[in-house]
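Here are a few notes on chain B and the way it meets its partner. I hope they are handy as you look through the model.

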Amino acid sequence: MDSIRVRNLHKSFVYYRKEAGLKNSLKNLFARKSLVKEAVKSVSFDIGLGECVGFLGPNGAGKTTTLKMLSGILYPTSGEADVFGYVPWERKNEFKRLFSIVMGQKNQLWWDLPASESIYLNKCIYDVDDDLYRRSLAELSEMLDVQELLNVQVRRLSLGERMKMELIAALIHRPRLLYLDEPTIGLDFPSQKKVREFLKYYNEQFGATILLTSHYMKDVEDLCKRTIIINEGSLAYDGPFHKINHLFGEQKIIKLQFSEPVAEQQLVRFGRIISGDDYHAVLEVPMYHLKEVSRAMLDVFPIIDWTIEDVSIEESISLLYRKESAV
Amino acid sequence: MFHTMRIARKYMTLYGIFIKNCLIAQMEFRGNFIMSLLVESVYLLAKLLYVLVVFRTDLHVNGIPPEGLLLFIGMHTVATGMYVGLFFTNFMKIPEYIKDGSLDLMLTKPVSLQFMASLRYVDLALPIPDIVVGFVMISIGWNAMDIPLTFLHFAGFVLLLVVSIVITYCLMIIPALLSFWFVQTGSLFEMAHSVWDANNFPMAIYPAWIRRIGTFVVPLFLITNFGPMFLLGQLSWLYAAMALIGSLLLFVAIRLLWKQAVKGYSSASS
């Protein structure tokens, strides 16, 4: 059974462009040329009950806009969506009780109050009965290890602690669907790990459906078996996470630093040049050539430092997108 | 019926929590709490200078002596207190919610967005001087004009006070509502506040056409005038009933306008 069904979802925004300078501002005051940005273009997918899906894509790809439409914050320009039998943008209260949205860059907690006050407010907003409230609060705060911090003012908490409180506030009514928009943004590694473990637990324990957007590959890798990649508003990939890894696992990035200038033409035969100048170079090299290419370069060039890395998520996505458009 | 009562109880509980939370937050900053009291007291002092002038010059407006005018000035002071205490902070924040996208999270809550966005903050320090001094002025005027303190007078006055609070909400939220379309509406707030200050005297001081506009088109005069006019026996039952029905209709109109505005909400980039 599907919990989310999306068909040809489309969202365009009207905006104005203004060139720099006062003269152009004056011009703009009288005549504005409106432009249309297609934020989401005909996106379709289904998400099963209890599934945890990663939503990846570079900045401005349309991930957040899609989440906002699926949570009823935005009306789409066209297309259909069915979320647990509801049309999200009809904004029915019964629908709102089913889900929660957590945005890493926006908070719902009252800044000057202890988090417990905001959580209690949510209890009243969602009509959670006292017994369930007490149990949920104890369970969630224990899982996230923040029992001692519930009565500390939010503004005195660290970023990681605040995000944990945001999660408790969002989950106090036990939503069956969870939208997470960059939940680990800005967090240090241990906090990211804790949040990921917690989300995994919530997904397994309560069978909640999770749709997660993130810039961190690790978030998606740990939590989601399935990944949807969106780029420039269109769906670029929908499939198992490990398959993307496989697609790009065959490429490696070599970063080089030279003691003397090296011309670009000399490097071309070793791999695709991503960036560089006389003293630095970043090359993309096929995995199966890595050994011989490395050996040859060490022999030929005055290398003083070098690293071998995986292809970054942004690079993978743009590569994938280029592939998709080429088909 | 039972369902409606349950919803009403829920909203009252939530409003109670809003007030409690604001009180806790404001008490965190004692300095600011006291400064707010001081600032509003200074404003009030400036207003009291009018009262002094009225009494010194023995000003009569439409046959109403200075003691009777105290009822109008007192009513205006109480209404100002209600406005700054219950609505001002919220209405100023609505354009911010729209600009920075904070409205997003409020939109996902299973309660009225208008309730959440326009009544969430209650300022408990700012209105104290206005409300206390305003009611003192009304009491002095009430006593000096030999108005009997019957249940009918008291209930009628309280009802018209509620009407004036509803109308204040409806009129003063308009600049905030327009920010859904125009984002920045600071100048409209300025205008609304200037017009507000022009309302602290009986409307009889204005020409007939302004009185008509201020009563039937933009019912600003109802806020300050109808309560005192009722006490002075200058308000017919017809007008009192019209004020009551008018304020409800105005509220319905604002509710519809709000819904229309939210429909076009485009959120902010994250």
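1. A quick definition to start: a residue is buried if 20 or more other C-beta atoms lie within 10 Å of its own. By that count, buried residues make up 33% of the 270 residues in chain B. Please keep in mind that this is a predicted model.

2. What does the secondary structure of chain B come to? The tally is 12 helices and zero strands. Reading from the N terminus on, the elements run α-α-α-α-α-α-α-α-α-α-α-α.

3. On overall shape, the radius of gyration of chain B is 20 Å, close to the 18 Å that the globule rule gives for 270 residues, so chain B is as compact as a globular protein of that length. Its C-alpha trace spans about 60 × 45 × 40 Å along the principal axes.

4. You may also like the contact statistics. Taking the contacts in chain B with a separation of 6 or more, 80% of them are accounted for by residues 24 or more positions apart.

5. Now to the partner chain. How many residues does each chain bring to the contact? Chain A gives 25 residues and chain B gives 20 residues. On the chain B side, α1 (2–28) and α4 (103–107) each supply at least two residues. The largest share of that side, seven residues, comes from α1(B).

6. Finally, the chemistry of that surface: the residues of chain B that touch chain A divide into eight nonpolar, eight polar and four charged.

Note on methods:
Residues numbered from 1 in each chain as written. Chains lettered and ligands numbered in written order. Predicted model: local features only at pLDDT ≥ 70, side-chain atom pairs only at ≥ 80, totals over all residues. Contact = placed C-beta atoms within 7 Å. Helix = DSSP H or I, 4+ residues; strand = E, 2+ residues; numbered from the N terminus. Nonpolar A, V, L, I, M, F, W, Y, C, P; charged D, E, K, R; others polar. Rg over C-alpha atoms; globule rule 2.2 N^0.38 Å. Buried ≥ 20, exposed ≤ 12 C-beta atoms within 10 Å, placed from the backbone.
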